[in-house]
Amino acid sequence: MPPPPGAKKRVLLIGGQFTGNFCARELKKQFYVTVVDCKEYFEYTPGVLRAFVRPAHLDSLTFTLQPVYERKMGVKFIWGEVKELNGARKTASVKTMFSNNIDEIGFDYCIICSGCNFGPFKPMGESLWFPTVHEEARGHSDWKHIDERYLEGRRRHVLEEYHKLTDLNKKQATVLIVGAGFIGVEWATELEHFFPQLKITIIDFLPRCLGPLPDGAADYCSDYMAACGIKEFYNCKYDPKNPEFWKQIELPNGADEIYVCIGVKASNYFMPAETLSDKGPGGGGWIHFNKHLQVTQKPSLGGGVWADGTIFAVGDCNYGCIGEPGKWEMPPVPKISYPGEEQAYHACLNVMKLEKGQKSKLVTTWWPWGAGMFATSLGPHDACFVAAANENKNSGYMVNWWIPAALQKEIIETTKIDECRDRWIGILIWHFVHHTPVHLFGRGPWFV
Ligand SMILES: Cc1cc2nc3c(=O)[nH]c(=O)nc-3n(C[C@H](O)[C@H](O)[C@H](O)COP(=O)(O)OP(=O)(O)OC[C@H]3O[C@@H](n4cnc5c(N)ncnc54)[C@H](O)[C@@H]3O)c2cc1C
């Protein structure tokens, strides 16, 4: 039912983690905001590896969404999965948690904050790092017996994996980690610290760890891994069916456990195909968007704005770049939380501008300087922090390392979660990170 004349307009946010949480806080005063999420809880993804090796940590990374959204922020929370977004009618079909029917929810503006999955070898992507929450993915899951839409289900999964690792540790088992990007390196070093009897090997098809990050940081991580006995093999393609592969990595009898730490996978199942990319990481399926973050049709269909420009896509769910190699309007932005939140801020500004009738004054998004900041932990007491990386290989500088970098990562974790819980210390610390009208460096305009 449309709102009565003069009432506040309705904004629908699909996803309630980093970017959805940011948008809810930003828009709650001017709009009736509704957040829909498939799961009942927030989970601080960058810290979740620690939870699998030290389950007590999960409690500090998670909180239930409904009390924070409804009682603290004063917005509406729906625990359910968006199954379809209808741009022409401006409705979302939502399967709520305890109903077999589909509800239709109307909106005036919508910001898609639905993130993505990880793990390219599964049809819909599945990994320890992100709970399996979509109805269809749950049907193909390796942990079907657990329902991770509940916080209790997530806790059971964490405990199950922890006990598996404890048994492997007792057996002095071999573990292969496929992919030496920041997730692979963090996982290998967490395992080594908490389960020191494991024999850990990490491989990557690139010539060194940490992908495109600077040599200084890669060398630092490699030295750490070498010092604690983690074997590294580079320029090495994962080919588990080939006995030569196993010989090459000095595991002729295979590994007792394999963790695949590569690749993102789109999970925008609710979007019409006309808005989704044919290409991109994990086989495509990312939401096309323009420089105002409005959802568009795919370029082969003309690339025009979809659904009158009132629907935006921010963070991990979108295509991440505008244009094509050699002719970038915006080169690929890493799928990490800082640029996601920066995009969320730009989308919120644009929703407010549209509401004021300032269609010609929409903010143009940019490659944020914070997209070049990466903190890679090496167990609980060491880490390295890179700043100023960009789309060029080996760009950026390692500006902090060892215990100070590990402390920095912990402070970020604690204060970010505090902010997402809508508590004042976290809000005070993080508010001005994105609300910066004047930009002294980076690729944004001097003044927004
Ligand atoms: C192991 C790991 C470590 C990381 N470390 C860092 C780090 O150190 N620093 C950093 O900046 N970034 C890091 N990242 C990346 C960061 O976690 C993501 O960039 C960030 O979570 C993206 O935020 P988002 O809001 O776009 O999406 P998400 O955080 O993925 O949230 C999406 C939300 O949408 C919900 N949802 C999805 N589909 C639907 C649907 N159909 N209906 C309703 N709800 C839906 C999901 O349940 C979820 O709650 C890391 C990621 C991983 C996996």
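Is A388 buried, exposed or partly exposed, going by the number of other C-beta atoms within 10 Å? Let me answer that at once, and then work outwards to the helices, the ligand shell and the cores, keeping in mind throughout that what we have here is a predicted model. A388 has 14 other C-beta atoms within 10 Å, and is therefore partly exposed. The residue sits in the loop between β19, residues 383-387, and β20, residues 397-401, and its phi is near 65°, a positive value in a residue other than glycine.

As background to that angle, most residues other than glycine have a negative phi. A388 can be set beside E250, whose phi is near 60° and is likewise a positive value in a residue other than glycine. E250 belongs to the loop between α9, residues 243-248, and β13, and with 11 other C-beta atoms within 10 Å it is exposed.

Now to helix α10, which covers residues 337-355. How far apart are its end C-alpha atoms, and what span should its 19 residues have at 1.5 Å a residue? The expected span is 27 Å, and the end C-alpha atoms are 27 Å apart, so the two agree. Of those 19 residues 14 are buried, which means that α10 is largely enclosed by the rest of the structure. One residue of this helix is L354, which counts as buried because 21 other C-beta atoms lie within 10 Å. If we leave aside the neighbours within four places in sequence, L354 is in contact with T310 and K359, while G309, 45 residues away in sequence, has its C-alpha 9.1 Å from that of L354. Just after the helix, G357 takes a positive phi of about 80°.

The ligand is the next topic. There are 34 residues around the ligand, and those that come nearest are G15, Q17, P46, G115 and G315. Two or more residues of this shell come from each of α1 (18-27), β2 (32-37), α2 (48-53), β5 (76-86) and α10. By residue class, the shell divides into 17 nonpolar, 12 polar and five charged. P46, one of the residues that come nearest to the ligand, is also a contact of E413, together with Y44 and G47, once neighbours within four places in sequence are set aside. E413 itself lies in helix α11, residues 402-420, and counts as partly exposed because it has 19 C-beta neighbours inside 10 Å, where 20 would be needed for a buried residue.

Let me turn to the nonpolar cores. In soluble globular proteins, nonpolar side chains tend to be buried together. The largest nonpolar core here has 59 residues, and V11, L13, C23, I111 and I287 have the most contacts inside it. Helix α10 gives the most to this core, with six residues. Apart from it lies another core, of 51 residues, which includes L198, C221, Y224 and L378. Going back to L13, its contacts beyond four places in sequence are G20, C23, A24, V33, T34, V35, I111 and C113.

I287 also appears among the contacts of Y319, along with S277, G280, W286, H288 and F289, again leaving aside neighbours within four places in sequence. Y319 lies in the loop between β15, residues 311-313, and β16, residues 322-324, and it counts as buried because it has 24 C-beta neighbours inside 10 Å.

As for annotation, UniProt, in an unreviewed entry, places the feature "domain: FAD/NAD(P)-binding" at residues 10-322. Over residues 10-322 the chain is 27% helix and 21% strand, with the end C-alpha atoms 28 Å apart.

Finally, helix α7, residues 182-194, reaches 18 Å from its first C-alpha to its last, close to the 18 Å expected for its 13 residues at 1.5 Å a residue. Because 11 of the 13 residues are buried, α7 is largely enclosed by the rest of the structure. Which elements cover the buried residues of α7? They include α2, β10 (174-178), β11 (199-203), α8 (215-227), β13 (257-260) and β18 (374-377). Among the buried residues of α7 are F182, W187 and L191, but also E186, E190 and E192.

Note on methods
Residues are numbered from 1 along each chain as its sequence is written. This is a predicted model: local features need pLDDT of at least 70, side-chain atom pairs count only at pLDDT 80 or more; totals for chains, interfaces and linings use all residues. Helices (H or I, at least four residues) and strands (E, at least two) are DSSP runs, numbered from the N terminus. A residue is buried if 20 or more other C-beta atoms lie within 10 Å of its own, exposed if 12 or fewer, and partly exposed in between; C-beta atoms are placed from the backbone. Two residues are in contact if their C-beta atoms, placed from the backbone, lie within 7 Å. The expected span of a helix is 1.5 Å times one less than its number of residues. A residue is near a molecule or strand if its C-beta atom, placed from the backbone, lies within 6 Å of it. Ala, Val, Leu, Ile, Met, Phe, Trp, Tyr, Cys and Pro count as nonpolar, Asp, Glu, Lys and Arg as charged, and the others, Gly among them, as polar. A nonpolar core is a set of buried Ala, Val, Leu, Ile, Met, Phe, Trp, Tyr and Cys residues joined through C-beta atoms within 7 Å. UniProt positions are given in the numbering used here, feature names are shortened, and annotations may be inferred rather than shown by experiment.
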